[in-house]
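Q: I am new to reading protein models. Please take a close look at one metal site and explain how it is built.

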Amino acid sequence: MTIAADIDPQTVLRETFGFAGFRGQQQAVVERVLAGNNTLALMPTGAGKSLCYQLPALVRRGTAIVISPLIALMHDQIRAARSVGIRAASMTSADSDNAETARALREGELDLLYVAPERATTQGFQSLLDTLDIALFAIDEAHCVSEWGHDFRPDYRGLAPMLDRFGHVPRLALTATADLRTREDILVQLGIPADGLVKAGFDRPNIAYHIDARGNVAKQIAELIERTPGAGIVYAPSRRGVEDLADKLRTATGRPVGAYHAGLPPEQRARTQADFVASEDMVMVATIAFGMGIDKPDVRFVVHAGLPKSIEAYYQETGRAGRDGDPAQARLFWTANDFSKARQWLADVEPERLPGERARLNALAALVESAGCRRAILLRHFGEDPPETCGNCDNCLDPPSVVDVSEIARKLLSAIYRTGQSFGIGHVEKVLLGREDERVRERAHDKLSVFGILCEEDAPLLRPVMRHLMAHEMLGTTEHGGLSLGPEARPVLRGERDVTIAKPPEKKRRRDRASAVPNPVGDPLFDALREKRKALASEHSVPAYIIFHDSVLRAMAHERPASLSELGRIQGVGAKKLETWGSAFVEVVREFG
Ligand code: ADP
Ligand code: ZN
C-alpha cells in the first residue's frame, strides 16, 4: 500500500481500516504524531492503540519502527496489519528472513517494522536505520522503560540514546499502565514533554463486572460457560487448580477446554495458545502466566476462580475480554479463605513493603465486598471520577440491599473469642445457634454465654458476615485453620464500629440480564456468514477475527449488502478486506435472496 503524503487521515481510517471514525483519544494521538510531536498515549487494553501508529505509518513518509517486547505479540500484530493491507514485517531472532527484510527496508517497501528492544539498540541496527526514511518510532508497552512499572526491561533503557540520534523523528510511547509514577518516569526516560501525555478514560463499558461468593466453583463456572457463547479465559490460582478445573469443565460443558501454566512443556503451551487464538468457542483454564502478549479481540469472558493479586492485576486480566467492543463478561468468585491466605503471606513480607501490600488487599476487599457500582470503584482506583452507577455490573443491574449486621458480627467475634480462637466456622456456627454435638459438649461450649445466642433467622447471614470480617482484618485464621480475632476486631466488639454488608441475593441465582453477545439467535443468514468465515479461516489458517469481527457479520446479516460497494460501506470493512474476502460474503448474502 502506498499512500500519498498529503492524504487525509480520515480517508485512510475509512478506506484502509474500514472504520467510520476514531475512537476515544485516537484522533488526538494521531494528530500529534502527524504533526511530528513526541507523545505518550495512555490507553486501556482494547482502546485501539495499534491504530495510533499504524495510521501515521501510512500517512507519513518512510517506515515506522515499532519497538515491542514480545515476539509472539509482534507476529499477531503483523498478521492483523497485513490483513488491512499494511506492509509490515519483523526482525527478530525468530525470523529466518531478516536479510530479505533489511533489503525491503532499504528499498522503502515497508510501512511498519517491528523490532525487539535488544536488537533496536545494537550498532548494526542503528547503521541500518541511518540508511532509511523513518516515519516515526512507536515504543509499545512503554512502561517497560520504568523501574516503577511492573515489567521493567533494562533493554528499554538503551532506547533513549538511539531515539536521540534520530531527534527529528517523532516518538510515540504507548502503554495501558495507569500508575502515576510510572507514567512520569516514561515521559522523562523517553524525552516526551509533559503536555505530550494523551490519556484515554479507563472505562471498558462493554465489560459487565460480576463478583460472587465462591461455592462449588467448577459448577458455578460451568453454568456461566453454558450461558455464554464464545471463547473465554478462566484464571485459577495454582497449577494444580488449573488442571483440576480444566478436567471438571471439560466433563461438565461440551466446549473445548485447554489448560495453560508454566509447568507445561513449552511446545504444548505454544500449541494450546495458538488453538485458543484461532478458536471461537474454546475455554482456556490458566494461571496468570497466560494472557500477556495474546492478541485476541473476541474473548467473550474472563473468569477469576479466586481473588486476583491487586485491583491493577484484576483490571488488566479482565481487560482481555471484549477488545472488539462487543459485550463481554468479567466474573470473579471469592471466599473468606482467599483473604486469610493472602494475609498469611503478608507475614513474610519485608516490613517496608507491608503498608503497601495491606493497602492492596484492602482495596480488593472494598471491591469484592461492595454493595455499590463495581465499575465506579475500579475507575476511582485509577484516579477517574465516574458516575455513581454504570448499569452494567451486578450491583447496578440488581442492587443488593445493605444490611446492618453489627449485632451478628459482635456475636460471631465473641463466640470465636470465648471458644478459644481455634475452631472453624462450622463449630462456631453450632455454638451460636445452640446446636449440641459431641465436640460442643466435650468442650463444654454449651455452657458458654454465647451458646444459642443467634436466632435461626440470622443463620444465613453468618457466612457473609464472616467473609466481610475476614476481608477487613477483623478476623484472621490460625496456623491450623481456626478463626481468630484480627487487628480490627476490637472496635466492633466494643460497639464503637458498625458493620454493614451487601445482603447476598436470595437462594435463586441472580440473573445475568446482559446476554454475553448480542448475536442474533436463529438468524440463518448470520449463521451462514459465520460458517463461511469459519471455512475461510481454516482454509487460510488465520483466526476468524482476522477476517471479520462478529460485529461486521451482524451488520452484514442486517444490511444484506448485495454488492461489493454496499459491503464496503459496513464499519470494519476496509479496501483490503473487501478485496480479499468481500465476494465470498456477498455471495452468501445473495444466496439468501
Ligand atoms: P489495544 O492494543 O489498545 O489493546 P487494539 O489496537 O488491539 O487495542 O484494538 C482493539 C480493537 O479495536 C481491534 O479489534 C480494532 O480493530 C478495534 N478498533 C481500533 N480502532 C477502532 C476504531 N476507530 N473504530 C472501530 N474499531 C476500532
Ligand atoms: Zn455498576
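A: Here is a walk through the zinc site, followed by a short look at two helix regions. Keep in mind that this is a predicted model.

Start with the atoms that hold the metal. The protein donors of the zinc ion (ligand 2) are the SG atoms of Cys 373, Cys 390, Cys 393 and Cys 396. They lie 2.3 to 2.4 Å from the ion. Now take the angles. The 4 donor atoms subtend 102 to 119° around the zinc ion, so the arrangement is tetrahedral. The cut-off for that label is that all angles lie between 85 and 135 degrees. Ideal angles for four tetrahedral donors are 109.5 degrees.

Next, follow the chain. The donors have the spacing C-x16-C-x2-C-x2-C. Cys 373 sits in the loop between helix 16 (354-369) and helix 17 (374-381), while Cys 396 belongs to helix 18 (residues 394-397), so this pair ties together parts 23 residues apart in sequence. Cys 373 and Cys 396 are both buried.

Now the helices. Helix 19 (residues 406-418) packs against helix 22 (residues 462-471) at about 80°, with axes 10 Å apart. That angle makes helix 19 roughly perpendicular to helix 22. Helix 19 brings Ile 408, Ala 409, Leu 412 and Leu 413 to the contact. Helix 22 brings Leu 462, Val 465, Met 466 and Leu 469. The contact residues divide into 8 nonpolar, no polar and no charged.

Last, helix 26 (residues 550-559). Its buried residues include Val 552, Leu 553 and Met 556. The buried residues of helix 26 pack against helix 24 (524-540), helix 27 (564-568) and helix 28 (575-591). Arg 560 follows helix 26, with a positive phi near 50°.

Key:
Residues are numbered from 1 along each chain as its sequence is written. Chains are lettered from A and ligands numbered from 1 in the order in which they are written. This is a predicted model: local features need pLDDT of at least 70, side-chain atom pairs count only at pLDDT 80 or more; totals for chains, interfaces and linings use all residues. Side-chain values use heavy atoms; hydrogens and water are left out. Donors are N, O and S atoms within 2.8 Å of the metal (3.2 Å for Na, K and Ca); water is not among the atoms, so sites may look incomplete. Four donors count as tetrahedral if all angles lie between 85 and 135 degrees; four count as square planar and six as octahedral if opposite donors are over 155 degrees apart and all others between 65 and 115; anything else is irregular. Helices (H or I, at least four residues) and strands (E, at least two) are DSSP runs, numbered from the N terminus. Buried means under 20% relative accessible area, exposed over 50%, partly exposed in between (1.4 Å probe, protein chains only). Axes are lines fitted to C-alpha atoms, for helices over the stretch in contact, and angles run from 0 to 180 degrees between N-to-C directions. Angles under 35 degrees count as roughly parallel, over 145 as roughly antiparallel, 65 to 115 as roughly perpendicular and the rest as oblique. Contact means heavy atoms within 4.5 Å. Ala, Val, Leu, Ile, Met, Phe, Trp, Tyr, Cys and Pro count as nonpolar, Asp, Glu, Lys and Arg as charged, and the others, Gly among them, as polar.
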